[in-house]
Every structure is written in C-alpha cells, then in structure tokens.
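User: I am new to reading protein models and would like a close look at a single part. Please take me through it slowly, in connected prose.
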Amino acid sequence: MSNKTHDLIRESALRTIQMQASAIAGLSSFVDEGLCNAVDVIAAGKGRLVVSGIGKSAIIARKIVATMNSTGTPALFMHAADAIHGDIGMVQEDDIVLIISKSGDSPEIKVLASLVKNFGNILIGMVGNLKSYLSAQSNIIINTTIEQEACPNNLAPTTSTTGQMVMGDVLAICLMEMKNFKTDDFAKFHPG
C-alpha cells in the first residue's frame with residue numbers, strides 16, 4: 001500500500017472516531033426526566049427487564065441484557081421478530097419492556113409496541129425518532145437521537161448503535177449505584 005492510501009485510511013478512521021465521540025457527547029443533553037424515570041421504574045420493578053429490538057438494535061439489546069444480568073438487574077432478550085411470532089409469551093405481568101429502535105417505525109416494532117401496551121406492561125422506548133410510533137406508545141422515552149451515522153452514506157447503523165450502547169451502559173451503572181451493587185456482588189455473578 002502506498003503512503004497516500006494510508007493517509008486516506010487514517011483520515012477516514014479519524015473522521016469516524018470524531019463522529020462517534022461527538023454523538024456520545026451529544027447524549028448528555030438526553031440525561032432528562034425520561035432517563036431518570038426509566039432508572040426509577042426498573043429499580044423498583046418486581047419483574048425482569050425484557051429488552052428487545054430488530055436488526056443492529058437487537059444486537060445492542062443482547063449486550064445490554066448481558067450487562068444488566070452481570071450487574072444485578074435480572075434481564076432477558078427477546079428478538080422483536082420472534083416476539084410477534086410467539087416469544088411475547090415470555091413477558092410476565094410484572095416485567096418491564098425496553099424496546100430499542102433508531103426509527104421507532106419498523107413493522108415489527110410497531111406490532112410489538114402494541115402488544116406490550118395491550119398486555120399492560122410498562123414500555124420504555126429507547127428511540128432515535130421522537131415522532132415515531134414507538135415513541136408515541138412508550139410510557140417512558142430514552143432519547144438516542146443522533147445527527148448522522150458515521151457511515152459515509154448515512155445508512156449503516158454506526159453512530160446510532162454506539163449511542164444505544166452508551167445509554168444502555170448508563171442505565172446499568174445508574175441501577176448499580178441505586179442498588180448499592182458492590183465488588184462482592186459482581187463476583188457472585190462472575191465466578192469464572
């Protein structure tokens with residue numbers, strides 16, 4: 001490879017890192033009543049936190065579930081597409097449902113949000129579009145709106161999924177602190 005090619009690679013890499021860092025910094029303006037209410041409700045909940053999404057948001061949902069379980073908040077993952085084909089049966093009466101979506105308007109998310117509302121569970125929407133169906137159906141909204149994806153075509157979920165991941169970590173850390181979850185507690189869930 002030529003030095004010119006490497007210069008282009010470095011330029012692209014630095015631009016991507018800067019866009020991601022800027023998007024994360026922008027999340028601080030979304031530390032609002034919605035986020036506080038979500039932490040309060042999850043901390044006081046008698047059931048589990050059921051986290052769902054579709055596409056790349058589903059992958060982020062799995063990571064959030066893993067973090068929650070290892071830090072003292074019982075959680076499980078439910079894929080939005082599977083939920084509307086029977087897996088919604090895993091949601092129990094006292095469970096809180098967190099649906100993650102950038103658009104908040106995909107067909108699976110719309111059906112799932114309606115089902116959760118009909119079941120009477122608290123629905124938390126972690127959403128990047130405050131005018132979406134998910135936003136309108138949610139009892140609590142965690143805003144993850146971003147200006148632009150790091151993808152040069154503004155299509156591939158990059159900056160949006162980074163924002164979702166960070167807000168999931170924010171929830172987990174806030175819950176740990178509210179529950180006074182300590183090193184010894186962490187060790188119980190990490191015997192390996």
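How far is the sulfur of C174 from the closest cysteine sulfur, and in which residue does that closest sulfur lie?

Analyst: Please keep in mind throughout that this is a predicted model. The closest cysteine sulfur to that of C174 belongs to C36, and the two sulfur atoms are 7.5 Å apart, which is too far for a bond, because a disulfide requires a pair of cysteine sulfur atoms within 2.5 Å. In keeping with this, a search of the whole structure finds 0 disulfides. As for its surroundings, C174 has a relative accessible area of 29% and is therefore partly exposed, whereas another cysteine, C151, is buried, with a relative accessible area of 12%.

C174 also takes part in a contact between two helices, where it is one of the residues contributed by α7, together with V170, L171, C174's neighbour in the list L175, and M178. From the side of α2, the contact is made by L35, A38, V39, D40, I42 and A43. Sorted by character, the residues of this contact comprise 10 nonpolar and 1 charged, with no polar ones.

To describe how such a pair is arranged, one gives the angle between the two axes and the distance between them. Here helix α2, which covers residues 33–44, packs against helix α7, residues 159–178, at an angle of about 55°, and their axes are 10 Å apart. That angle makes α2 oblique to α7, and the crossing of α2 past α7 is right-handed.

Notes
Residues are numbered from 1 along each chain as its sequence is written. This is a predicted model: local features need pLDDT of at least 70, side-chain atom pairs count only at pLDDT 80 or more; totals for chains, interfaces and linings use all residues. Side-chain values use heavy atoms; hydrogens and water are left out. Axes are lines fitted to C-alpha atoms, for helices over the stretch in contact, and angles run from 0 to 180 degrees between N-to-C directions. Helices (H or I, at least four residues) and strands (E, at least two) are DSSP runs, numbered from the N terminus. Angles under 35 degrees count as roughly parallel, over 145 as roughly antiparallel, 65 to 115 as roughly perpendicular and the rest as oblique. A crossing is left-handed if the near helix is turned anticlockwise from the far one by less than a right angle, and right-handed if clockwise. Contact means heavy atoms within 4.5 Å. Ala, Val, Leu, Ile, Met, Phe, Trp, Tyr, Cys and Pro count as nonpolar, Asp, Glu, Lys and Arg as charged, and the others, Gly among them, as polar. Buried means under 20% relative accessible area, exposed over 50%, partly exposed in between (1.4 Å probe, protein chains only).
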